Amino acid sequence: MLGTRDHAAVSLGLFPACDLRELDGRMAGMTTPVSAERRDGLRERKKAKTRRTIQEQALRLFAERGYDETTVEQIAEAAEVSPSTFFRYFPTKEALVLRDDYAAVLHAALAAQPADAPLGTVLRETFRTAFARLSLEEQSDLRLRIRLQMTIPSLRARSLDALLRTVDGLAAELALRFGRGPGDLEIRSLCGAVAGALVPVLVAWVEQDGRRPLGEMVDEALGHLKGVLG
């Protein structure tokens with residue numbers, strides 16, 4: 001059972017906001033010739049497939065053997081890659097739990113919000129939509145990752161850092177959207193409030209083994225912030 005005193009350690013690095021800005025830049029700069037673009041696209045898909053395979057095998061082994069009992073060598077063998085290839089994709093074993101490829105989901109949910117929607121509505125709908133779009137497999141992986149973050153001391157500390165980076169990155173993305181400065185206090189405060197509301201939701205969702213849809217739980221929790229979000 002996950003203790004409430006550990007709630008603050010749950011990572012919202014599910015959507016690394018630094019990746020949002022990088023993704024936005026890549027989308028805006030697509031000017032390469034078609035043939036080169038296709039080659040680059042194929043290369044990136046292969047890299048993404050390898051990254052997913054390594055992470056999937058790692059999570060499987062963590063569930064079967066335990067996090068501390070699973071070695072990098074065992075993960076590499078299960079993923080059919082060399083240890084050196086493993087480290088090209090994941091610098092540490094902790095990164096297997098803290099890193100994900102869901103930034104594009106949050107970016108798409110944010111970009112899909114109406115241009116005239118107020119800040120609070122944009123925040124609520126972005127997170128509700130993003131979490132609702134996770135597949136059943138992605139949700140299962142997320143539950144395992146959160147459990148690991150709550151029970152492994154080294155992961156608890158790093159997951160808090162990931163949470164703070166997510167808040168900072170999302171605030172920067174929203175500041176651009178609303179024509180505000182990067183340190184806008186209103187935006188940073190609202191992002192912090194949303195992040196704080198999501199942490200106990202994720203913990204409760206894991207404790208209930210995902211019986212309720214995550215998007216529904218997120219929307220309900222953010223609804224309690226109506227007076228804050230507007």
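A residue is called buried when its relative accessible area is under 20%, exposed when that area is over 50%, and partly exposed in between. The exercises below apply this rule and a few others to a predicted model.

**Exercise 1. A salt bridge between two helices**

Task: Determine which residue forms a salt bridge with D168, and classify the accessibility of D168.

Solution.
Step 1. The partner of D168 is R188, and the closest N and O atoms of the two are 3.2 Å apart. The cut-off for a salt bridge is 4 Å, so the pair qualifies.
Step 2. D168 belongs to helix 9 and R188 to helix 10. The two residues are 20 positions apart, and the pair links distant parts of the chain.
Step 3. D168 has a relative accessibility of 36%, so it is partly exposed. R188 has a relative accessible area of 35% and is therefore partly exposed.

**Exercise 2. A salt bridge within one helix**

Task: Explain how R60 and E64 are placed along helix 2, and state whether E64 is buried or exposed.

Solution.
Step 1. The side chains of R60 and E64 meet in a salt bridge, with 3.1 Å from N to O.
Step 2. Helix 2 covers residues 34–65, and R60 and E64 are four residues apart in it, so about one helical turn separates them.
Step 3. R60, at 33% relative accessibility, is partly exposed. E64 has a relative accessible area of 52% and therefore counts as exposed.

**Exercise 3. Further salt bridges**

Task: State how many salt bridges the structure holds, and describe the one formed by E216.

Solution.
Step 1. The structure holds 11 salt bridges.
Step 2. E216 pairs with R212, and their closest N and O atoms lie 2.9 Å apart. E216 is partly exposed at 43%, and R212 is partly exposed at 29%.
Step 3. Salt bridges can also join into a network, as they do for R143, R147 and D209.

**Exercise 4. Aromatic pairs**

Task: Classify the geometry of the pair F86 and F87 and of the pair F86 and F90.

Solution.
Step 1. Two rings pair if their centres lie within 6.5 Å; planes under 30 degrees apart are stacked, those over 60 are edge-to-face, and the rest are tilted. This rule gives four aromatic pairs.
Step 2. The ring centres of F86 and F87 are 5.1 Å apart and the planes stand at 90°, so this pair is edge-to-face.
Step 3. For F86 and F90 the centres are 6.0 Å apart and the planes make an angle of 40°, which gives a tilted pair.
Step 4. F86, F87 and F90 form one aromatic cluster. F86 is buried at 0% relative accessibility, F90 is buried with a relative accessible area of 0%, and F87 is partly exposed at 41%.

**Exercise 5. Charges over rings**

Task: Identify the residue whose charged end sits over the ring of F90, and the residue that lies over the face of Y67.

Solution.
Step 1. The charged end of R99 sits over the ring of F90, at 5.8 Å from its centre.
Step 2. K93 lies over the face of Y67, and the distance to the ring centre is 4.4 Å.

**Exercise 6. The nonpolar cores**

Task: Give the number of residues in the largest nonpolar core, and name the helix that supplies the largest share of this core.

Solution.
Step 1. The largest nonpolar core has 36 residues, and L123, F127, L174 and L214 have the most contacts inside it.
Step 2. At least two residues of this core come from each of helix 7 (119–132), helix 8 (136–151), helix 9 (153–177), helix 10 (185–207) and helix 11 (214–223). Helix 10 gives the largest share, 12 residues.
Step 3. Apart from neighbours within four places in sequence, F127 is in contact with L170, V194, L198, V218 and L222.
Step 4. A second, separate core has 22 residues, among them A58, A95, L96 and L148.

**Exercise 7. A buried polar residue?**

Task: Decide whether T126 is buried or exposed, and find which backbone oxygen its side chain reaches.

Solution.
Step 1. T126 is found in helix 7. Its relative accessible area is 2%, so T126 is buried.
Step 2. The side chain of T126 reaches the backbone oxygen of V122 at 2.7 Å.
Step 3. Not counting residues up to four places away in sequence, T126 touches L106, A109, L110 and Q113.

Methods: Residues numbered from 1 in each chain as written. Predicted model: local features only at pLDDT ≥ 70, side-chain atom pairs only at ≥ 80, totals over all residues. Heavy atoms only, no water. Buried < 20%, exposed > 50% of the residue type's maximum accessible area, 1.4 Å probe, protein only. Lys NZ or Arg CZ within 6 Å of the ring centre and 35° of its normal. Core = buried A, V, L, I, M, F, W, Y, C linked by side-chain atoms within 4.5 Å. Contact = heavy atoms within 4.5 Å. Polar contact = N/O pair within 3.5 Å; in protein donor to acceptor, adjacent residues only side chain to side chain.
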